Amino acid sequence: MSQKLVLLGATGFMGKAVKKILSERKSALKLVSEPGRVSEGDYPSGAVVIDFSLPHYCLEQIEKHRGTGLFWVVGSTGWTESEQARLEEIAQSEWILRSTNFSWAVQSLARVLRELRQTLQPLGFQCSMTEIHHTRKKDAPSGTAKTLAAEWSPEQAIESIREGDTIGIHEIRLETDSEVLTLRHEAKSRELFASGAIDTAERFPSWAQGKNPHGLVELSDVIFS
Ligand SMILES: NC(=O)c1ccc[n+]([C@@H]2O[C@H](COP(=O)([O-])OP(=O)(O)OC[C@H]3O[C@@H](n4cnc5c(N)ncnc54)[C@H](OP(=O)(O)O)[C@@H]3O)[C@@H](O)[C@H]2O)c1
């Protein structure tokens, strides 16, 4: 049975990657609408919406379509504190999953860092983080870097570098005077994230079946459950 899909940000780099993968992959998702600045398009009841646009636009669309049984897979980054708070409030009654990174390797990296914090932080290890992205990227630090930093400390500093067409590099150094442990992830293609968002969108409605929304859904809940 096919699952209807709405795509926000369809004209962008990520939106195009989603469409490319859907055209190549045998998926239950059927793209029915690409809302944009000119045409609003349709949001069929019960559809999955993949968002790779901008937070304020995505939030506006979520507000507009409350109560219509949609499943939101939100990938846009750069949410302000007030936008984030509003999203969390709406997620008490709507199905919304937000992830700053749809790579399973990055999801695993966050878990590893959580474990490393427990053992290495008490031993005096200091953390430094750097993220490198293309020069068109609107937000800094990246959403992924903020997610990873939060695993070590709320005050963790992040160095942001913008150069060329770099898709996304995140490097974490855990260091004492006598040793250094480096964790590094490099995205080689945008299709990595598009593919992860599609996998998530395919699984989200069946994962949610029989449950009620009670806040933002974690990607790991849907993927690793
Ligand atoms: N979670 C993840 O794994 C992940 C991975 C990569 C990127 N991202 C995030 O995904 C987002 C999109 O990235 P991208 O590289 O595809 O960006 P992009 O190429 O700039 O595309 C942005 C898209 O949003 C649309 N848009 C912008 N302003 C809009 C508005 N006011 N109303 C309606 N549509 C609007 C653009 O439409 P126009 O064509 O009309 O401008 C375009 O389709 C960014 O926030 C990025 O950080 C997330």
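Colleague: What makes the largest pocket a pocket, and what is its volume?

Modeller: On a 1 Å grid over the protein atoms alone, a pocket is an open set of points with protein on both sides within 12 Å along at least five of seven lines, while a cavity is a set where a 1.4 Å probe fits but cannot get out. The largest pocket has a volume of about 1,100 Å³, a volume being the space filled by probe spheres set on points joined across faces, edges and corners. Mind you, this is a predicted model, where local features need pLDDT of at least 70, side-chain atom pairs count only at pLDDT 80 or more, and totals for linings use all residues. Residues are numbered from 1 along each chain, and side-chain values use heavy atoms, without hydrogens and water.

Colleague: Which residues are closest to the centre of the largest pocket?

Modeller: Met 14, Phe 52, Ser 53, Leu 54 and Lys 138, out of 38 lining residues, meaning those with an atom within 4 Å of a point. Helix 1 gives the largest share, four residues; helices are DSSP runs (H or I, at least four residues), numbered from the N terminus.

Colleague: Why do you say the largest pocket lies between two domains?

Modeller: Domain 1 (3-101 + 191-223) and domain 2 (104-186) both give residues to its lining, so the largest pocket lies between them. Those bounds come from an automatic or database domain assignment.

Colleague: And what about the second largest pocket, which helix gives the most to its lining?

Modeller: Helix 5, with six residues. The second largest pocket holds about 660 Å³ of space, and its lining draws at least three residues from each of domain 1 and domain 2.

Definitions and conventions: Helix = DSSP H or I, 4+ residues; strand = E, 2+ residues; numbered from the N terminus.
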